[in-house]
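Here is a quick tour of a two-chain model, starting with a few backbone oddities and then zooming out to the chains as a whole. Have the structure open as you read.

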Amino acid sequence: MALVDFFKKIEPDKKKSPLLHTAYDAFFTFAFTPNTVTKGGVHIRDGMDLKRLMVTVVISMQLCYLFGTYNIGHQHFVAAGQYLGFLEGFHLKLAHGLIQLLPIFVVAHVVGLGIEFYFAAKKGHAVEEGFLVSGALIPLIMPPDIPLWMLAVAVAFAVIIGKEAFGGTGMNIWNVALLARVFVFFAYPLTISGDQCWISGYEKIADGAASTYGWFHTGFFNSIFDWLGLEGFNTANKVIDGFSGATPLALAYEGGWDKVTTVFSESQMLWGAIPGSIGETNKIFIVLGALILIVTKVASWRIMAGMVVGLIGTTWMLNALGSTPFMTVTWTQHLMMGSFLFSMAFMATDPVTASSTNTGKWIYGILIGFIGILIRVMNPAYPEGWMLAILFLNTFAPTIDYFVIESNIKKRLSRA
Amino acid sequence: MIKLKFTFCLVLLANMLSAQGQGSGSNMLLYSVIAVCAILVIWAMLGLASNLMKIEAGKHGLDPEKENYGVFPGLTDLFKAKRPSYAVGGTFHKFDKGFDINLEGKPTGSIEEGNVSRFAIRPTDFNGMSPIPKVTVEVGDEVKAGDVLFFDKKRPEINYVSPVSGEVVAVNRGDKRSIADVVILADKNISYKKFNTPDINEIDRATLVNFLAETGVWPLINERPFDLVPALDVVPVNIFISTFDTAPLAPNTNVVISGNESSFQKGLEVLAKLTSGSVHLGLDARCDHAPANGFANAQNVKKHWFAGPHPAGNVGIQIHHTAPIKGSDKVWTLGVQDVITLGNLFLTGEYHADRIVALTGGELHTPKYVKTYQGASVADLVKGNIKEGENRVISGDVLSGKQIDADSFLGFKDDQLTVIKEGNDYELFGWLLPLSPRPSISGTIPSFGKDYEYEANTNTRGEKRAFVVTGQYESVLPMDIYPQHLMKAIITNDFEKMEGLGITELTEEDVALCEFVCTSKNPLQSILRQGLNAVQEQS
């Protein structure tokens, strides 16, 4: 193949410029499956490799990306009291969404991949694919208005302390994407919790607060829309009176399911036209993504099933107690709010940080469901529990495996 | 476990009820707690009765582990896989885990003459043999089939003999003057060395063992764990023979046995004299027809039927499910053709190392069965039958066979030769958009149905990575073993864990399928061998 020859010609020298060579190698193996052949052991190999595995996960969350981008714009205009119909003002909503999302996506990848490339070059091995998924997940779990420097710091923290310090892909203890989020959560709590952070494009969420359109809104997109004869961004847009920006979870904490349904309808929550982290609002698309992962056997259905079981069991116990309005919320209603499904499909199923035995996966999933709901319902300090529950169980996954493995060993010894 | 599942169902049921009747939550809780308690009490009583029945059954000499003598059927009984009608007698095991790799190049047609002129026996085919065995022949010597070629200086009583008669044409040496192989140019008509066969019903075990060692059939026996030629004083707790091979393109043993039924039966009878336990026969219950009579009607053995995808035919899997290796136990395994050779020795007094060899793989013009002898020359076997281009010749199957040179010889135990394409090509976006069909257990790669025969090549299909995916090895290994944790224990040299996790129950061919499916492309077979060697040194 002529193309291969061309690429081979421009290969940088490994000794002289290791970083350049690492980058070259990463892109080369991205474009071409290497020509290496099996040696010793099996002579044929399964067509599956880590790149394909990771890209399957990334593909399965694409619908969340599409919807999330649009929903950023939709929430922005709902706050301004304009284009209340979901598809009204389509171009404006999409444009605003892209303006918010693309920088987040780019910064997450540039910082994360940059660090990965640096460490790979330093250790002298190929760039591992783990960050393909972490990098795709991080934008989805951030609020749309997150300052980019904050995101960069969080990603750097997650990749360096959470992953490279442990030896890279496959060795980390905690989920890298969640580590980035938890860093923001504890270091800069106001940017990622409360009612202020889920609507983008305003100075703050208060009656009459002005919009913060930049050059991309008024210069770039407005001129395109002008030329196309479409409406543009109006700099006079401001938050309408009485708009709170509260998420369903915040409302449920105050007044249970009744309070939630006064603001959001059930189908609205199901389809995700609600404020929240970028990718976690549309439950239908998340379930579709989860199904892709289950059918292709990329993610463990045991963990997902375990989490649902844990959620149902715990909710039922809380329902039975029923001492606060939030405790009376049923499990189906819990599924519709917050980020349970997203965490279940994409976060808890990370094979590196989850339990590695099949029995352990059930225990791991059920415990996440249990602890996550407890945090969500009982703890006023944390509006949502999955991030903390998953990181907590990440820590204990090796312990769960230890007991599963020990029981296997005991069984074998008892035979003798 | 059943109790747990049941209680869990109950909790779910009660939950659904409570979801309907909101507001009366605490009442519901009370009622369901009472219901759970009541049912648990009843369950406990029934369980007690069931256990008493089992104890009673045990007193009458029945095995409550194997058959259900309890009050009610267990879950395993309800969902027990159905035996095929021909699988009568013995135990039946059906596996869901595993994967059949369907490749092109299956052998077909009747058995042809091999027309092989050169044969070789390689000391390196035997684990643990010293690198420079004592070669008792010189180039130019005439030998008969059954004449000694060499022996291990550590164990001079075990002879390694010539499979054919003819002239010794080469004693090749490898690294550090080790013996690579002893090559014999075969006569047109094979003449055999005559042995005085003892009557197996009369001689004692020690004499029998010495006779087997002298006549050269002893090295046909494989000792587990560690895959060794056994020492003469070892008494195996059991002997296992798998009568079918499920590896990709493996020869059909029904072809092999036809005409050799009496030799096979004789071999089984000899083996029965050697073990303190029994001879176990693993039989094929995968097809819609019964295996050949030579297998199905074998006498003096314990039969076990196995159904399910590869590796159901691996003897290691069969041992695990019938009489697993305990502690420092040793068991022996033999291939079907090894048993036939053993039987023939006692029927004729001669060492008949005839082998039906399957020539397989997509890079042969006509894959077929040929009749030849142990250690046949590959060049002679595939003469005029091999396609142009860069090929890989494998002695054995594509999963656990050994790559050999085209001018080399088949392995001592191998009855299959596979020739496939070398896959040393770059593939544009091969990981993202695989353009040619390839076998895979992954749902992300299109499957073309069970009957589609894939073209095999040796590309690694990606680069080696750290262990990432979990549960993948377990999904193709029908054993109660955690392969990934075992591999990590081997890598970290944790002996206690290696043994606890069952390293002694495994050999390379058992984890070969795990290695095939490994997303991170790790060399599991060589890691396992490294662990086995380490454990062997310790013991």
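B:Asp227 sits in the loop that connects strand 10 to strand 11 of chain B. Keep in mind that this is a predicted model, so what follows describes computed coordinates. Although B:Asp227 is not a glycine, its phi is positive, at about 55 degrees. Is B:Asp227 buried or exposed? With a relative accessibility of 12%, B:Asp227 counts as buried, the cut-off for that label being under 20%.

The loop has another quirk. B:Pro225 lies in the loop between strand 10 (222-224) and strand 11 (238-242), and the peptide bond leading into B:Pro225 from B:Arg224 is cis, with omega near -5 degrees. A second cis bond in chain B runs from B:His310 to B:Pro311, this time with omega near 10 degrees. B:Pro311 belongs to the loop between strand 13 (302-307) and helix 8 (315-322).

Chain A has a positive phi to look at as well. A:Lys297 comes in at about 60 degrees, and it is not a glycine either. You'll find A:Lys297 in the loop between helix 12 (283-295) and helix 13 (301-321). A:Lys297 is exposed, with a relative accessible area of 63%, whereas B:Asp227 is buried.

Now follow strand 11 of chain B onwards. In the loop between strand 11 and helix 5 (253-257) is B:Leu249, a buried residue with a relative accessible area of 7%. What does B:Leu249 touch, once residues up to four places away in sequence are set aside? Its contacts include a run of neighbours made of B:Leu103, B:Glu104, B:Gly105, B:Lys106 and B:Pro107. The list goes on with B:Thr360 and B:Gly361, and then B:Gln416 and B:Thr418. On the C-alpha level, B:Leu249 and B:Ile101 are 148 residues apart along the chain, but 8.5 Å separates them in space.

For a contrasting pair, go to chain A. A:Ser223 is part of helix 9 (residues 215-228) and counts as partly exposed, at 41% relative accessibility. Its C-alpha atom is 49 Å from that of A:Ala354, with the two positions 131 residues apart along the chain.

Time to zoom out. What is the secondary structure of chain A? Chain A comes to 17 helices and one strand. Its radius of gyration is 23 Å, close to the 22 Å the globule rule gives for 416 residues, so chain A is as compact as a globular protein of that length. Chain B has 14 helices and 20 strands. For chain B the radius of gyration is 27 Å against 24 Å from the globule rule for 539 residues; that is close, so chain B is also as compact as a globular protein of its length.

Here are the whole-chain numbers, side by side.

| Property | Chain A | Chain B |
|---|---|---|
| Extent of C-alpha atoms along principal axes | about 70 × 60 × 35 Å | roughly 100 × 65 × 45 Å |
| Buried residues | 57% of 416 residues | 54% of 539 residues |
| Accessible surface | about 17000 Å² | about 23700 Å² |
| Surface from carbon and sulfur atoms | 69% | 53% |
| Contacts joining residues at least 24 apart, among those at least 6 apart | 71% | 68% |

The charges deserve a word too. Chain A has 26 positive and 26 negative charges, and the mean positions of the two sets are 13 Å apart. In chain B the count is 51 positive and 64 negative side chains, with the centres of the two sets 4 Å apart.

Finally, how confident is the predictor? The complex gets an ipTM of 0.91 and a pTM of 0.88. Chain B has an average pLDDT of 89, and 92% of its residues score at least 70. Where pLDDT is low, the predicted coordinates should not be read in detail.

Notes
Residues numbered from 1 in each chain as written. Chains lettered and ligands numbered in written order. Predicted model: local features only at pLDDT ≥ 70, side-chain atom pairs only at ≥ 80, totals over all residues. Heavy atoms only, no water. pLDDT = per-residue confidence, 0-100. Helix = DSSP H or I, 4+ residues; strand = E, 2+ residues; numbered from the N terminus. Rg over C-alpha atoms; globule rule 2.2 N^0.38 Å. Buried < 20%, exposed > 50% of the residue type's maximum accessible area, 1.4 Å probe, protein only. Contact = heavy atoms within 4.5 Å. Areas by Shrake-Rupley, 256 points an atom, 1.4 Å probe, with all protein chains shown as cover. Lys, Arg positive; Asp, Glu negative; His and termini not counted. Charge placed at Lys NZ, Arg CZ, Asp CG, Glu CD.
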